[in-house]
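Here are a few exercises to work through with the model open in your viewer. Try each task before you read its solution.

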Amino acid sequence: MTKDPAVDWGPDASIEYHVLDLVLLPNISERAIRTCMNRYSEAGPHLRMALEQWADQGGESDESAVALFRGLHVIGAMRDSQACAPLLRLLGRPAKEIEWLLGDAVTETLPKIVAGVFDGNAAALFNAIADQDRDELVRDSLFRAATFLTWEGRIDRVVMIDFLRRFGSGDLSVDGEFVWHAWVDAISVLGLRDLRPLVIEALEKGRIDEFIYEREPFEEILQRAERDPSDTTHFYGMGMGYIDDVVSLLQDYSVDDDEEIGIDDSAIDEPTNQQPAINPWRNVGRNDPCPCGSGKKAKRCCLAA
């Protein structure tokens, strides 16, 4: 068993020690995470303060970005609704800053963080999704959070349907933006057959990239959602839900493995006399494993980029 990098401060130590271990140690400390979660009434204000500062002023160092990254996942796992408003402000910062701060988590865990901290203000969430100045991948993740919250009943279904209709009109997003992907998925996983014609219309008008809409998976998920609205299996592959194991999640994002994943130029072999050129995207659907080897679906990895 790997030794935990944090000092065993003992049960009576000030929470500040454990918060610092959580956000500043080079390697993830399970002890620090669990202590901060078990004593969240004490740790939460410190983590929210860091979020507030980033939301209003931004960050200046890799260390502060790592600290907030870890803190956000703990906040999301604890479902701290006091963090909702500052998180939405943070997600309105420049796209390059959000990419630096969150990296792959923008498409992988951000929907779960947003769902976790949701404070009941659906209008604020919808306004953020409709804000075309925000990064389109951020808006996609916000949309996924809203979809899951609607399924769970925390957002009124009628209100969500109204927003989906307005979005489908094309007034709330640029044609071809990745956020249309979340719109299509929302209609299918919520079993909204009445909105299916809007998907077809958007496809015919070129609003949806042809790689986003695949008829068979869309119809299959739509039918499954109609048959069994309580079925959650289709949510997991779309990045929706809540954070259930923050320790394992943060360990997966540990600094030791913090390398930017992309398609290696070497993946496309140079033509030679012996070997023809190989296109790694040939026959790759959006739900297939990404050719870069990340283990993610193509639509949530290099296709998103």
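**Exercise 1.** Leaving aside neighbours within four places in sequence, find which residues F143 is in contact with.

*Solution.* Bear in mind that you're working on a predicted model. Start at F143 and skip everything within four places in sequence; what remains in contact is I129, M160, F163, L164, F167, V179, A182, W183 and A186. Next, check the surface: F143 has 0% relative accessibility, and the cut-off for buried is under 20%, so F143 counts as buried. Finally, zoom out to the largest nonpolar core, which has 87 residues. F143 is among those with the most contacts inside that core, together with L90, L102, L125 and W183.

**Exercise 2.** Work out how the rings of F143 and F167 are arranged, and which parts of the chain the pair ties together.

*Solution.* A search of the whole structure turns up 14 aromatic pairs. In the pair formed by F143 and F167, the centres are 5.2 Å apart and the planes make an angle of 80°. Planes over 60 degrees apart count as edge-to-face, so that's the label here. Now place the partners: F143 belongs to helix α10 (residues 136–152) and F167 to helix α11 (residues 157–168), so the pair ties together parts 24 residues apart in sequence. F167, at 0% relative accessibility, counts as buried. Then follow the ring pairs outward: they link F126, F143, F163, F167, W180 and W183 into a cluster.

**Exercise 3.** Classify the crossing of helices α1 and α4, and name the residues that make the contact.

*Solution.* Take α1 (residues 15–24) and α4 (residues 62–77): their axes come within 7 Å and cross at roughly 115°. The range 65 to 115 counts as roughly perpendicular, so α1 and α4 are therefore roughly perpendicular to each other. On the α1 side, the contact is made by D21, L22, V23 and L24; on the α4 side, by V66, A67, R70 and V74.

**Exercise 4.** Locate Q82 and decide: buried or exposed?

*Solution.* Look in the loop between α4 and α5 (84–90), where Q82 is found. Its relative accessible area is 54%, and exposed means over 50%, so Q82 is exposed. For a sequence-versus-space check, try V117: Q82 and V117 are 35 residues apart in sequence, yet their C-alpha atoms are 7.2 Å apart.

**Exercise 5.** Find what sits over the ring of Y242.

*Solution.* Go to the ring centre of Y242 and look for a charge: the charged end of R79 sits over the ring, 3.6 Å from that centre.

Note on methods. Residues numbered from 1 in each chain as written. Predicted model: local features only at pLDDT ≥ 70, side-chain atom pairs only at ≥ 80, totals over all residues. Heavy atoms only, no water. Core = buried A, V, L, I, M, F, W, Y, C linked by side-chain atoms within 4.5 Å. Buried < 20%, exposed > 50% of the residue type's maximum accessible area, 1.4 Å probe, protein only. Contact = heavy atoms within 4.5 Å. Phe/Tyr/Trp six-rings, centres within 6.5 Å; stacked < 30°, edge-to-face > 60°. Helix = DSSP H or I, 4+ residues; strand = E, 2+ residues; numbered from the N terminus. Lys NZ or Arg CZ within 6 Å of the ring centre and 35° of its normal. Axes fitted to C-alpha atoms, helices over the stretch in contact; angles between N-to-C directions. Parallel < 35°, antiparallel > 145°, perpendicular 65-115°, else oblique.
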